[in-house]
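This report describes the fold, the confidence and the packing of one chain. The sequence and the structure come first, and the text follows.

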Amino acid sequence: MRKFLLKLFNGRYGLNGTDELTRFLLHVAVVFLILSLVIEPFSCLYYGAIFILLLCYLRLFSRNISKRSKENEAYKRLIKKIKRLFNKNR
C-alpha cells in the first residue's frame, strides 16, 4: 500500500493543479448539473457539465504548465475587463 501511495503522490509532481480558471469551470459544471436535475427543459445541460468536467481533468493533469498558465492569464484578463465594465456603470 505504501508503494502505491508513493507512486500516486510522486506521479502528480510536475502537474499544473488547480487555478482560477479550473475553479470557475468546476463551479459552472456544478451549476449545470443542478439545473439539469432540477429543471426538466435544461436536462441537456448534463452533457455540457460532463464536457466541462473532462476539460477540468485535462487541465488538472496536464504537464504543459506554460500553456495552462497562458489560458489562466487570458481568463484573468477577461474577468478584469468585465469587472471594469461593470464598475464604470456605477
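Buried here means under 20% relative accessible area, exposed over 50% and partly exposed in between, with a 1.4 Å probe and protein chains only. The model is a predicted one, in which local features need pLDDT of at least 70 and side-chain atom pairs count only at pLDDT 80 or more, while totals for chains, interfaces and linings use all residues. Residues are numbered from 1 along each chain as its sequence is written, and side-chain values use heavy atoms, with hydrogens and water left out.

The chain has four helices and zero strands, in the order α-α-α-α along the sequence. Helices (H or I, at least four residues) and strands (E, at least two) are DSSP runs, numbered from the N terminus. The pLDDT, the predictor's confidence in each residue from 0 to 100, averages 85 over the chain, and 83% of the residues score at least 70.

| Element | Mean pLDDT | Rank among elements |
|---|---|---|
| H1 (residues 2-11) | 64 | lowest |
| H2 | 94 | highest |

Of the 90 residues, 20% count as buried. The exposed area of the chain is about 7,500 Å², with 67% of it supplied by carbon and sulfur atoms; areas come from the Shrake-Rupley method with a 1.4 Å probe, and for residues only the protein chains shown count as cover. Contact means heavy atoms within 4.5 Å. Among contacts with a separation of 6 or more, 69% are between residues 24 or more positions apart.

Helix H4 (residues 65-88) has 24 residues and spans 35 Å from its first C-alpha to its last, close to the expected 34 Å. That expectation is 1.5 Å times one less than the number of residues. Arg-68, Asn-72 and Tyr-75 are the buried residues of H4, and they pack against helix H2 (20-38) and helix H3 (45-61).

Tyr-75 also belongs to the largest nonpolar core, whose six residues include Leu-21, Leu-25, Ala-29, Ile-52 and Cys-56 as well. H2 and H3 each supply at least two of the core residues, and the largest share, three residues, comes from H2. Such a core is a set of buried Ala, Val, Leu, Ile, Met, Phe, Trp, Tyr and Cys residues joined through side-chain atoms within 4.5 Å. Beyond its neighbours within four places in sequence, Cys-56 is in contact with Thr-22, Leu-25 and Leu-26.

Ser-36 lies in helix H2 and is buried, with a relative accessible area of 11%. Leaving aside neighbours within four places in sequence, Ser-36 is in contact with Phe-42, Ser-43, Leu-45 and Tyr-46.
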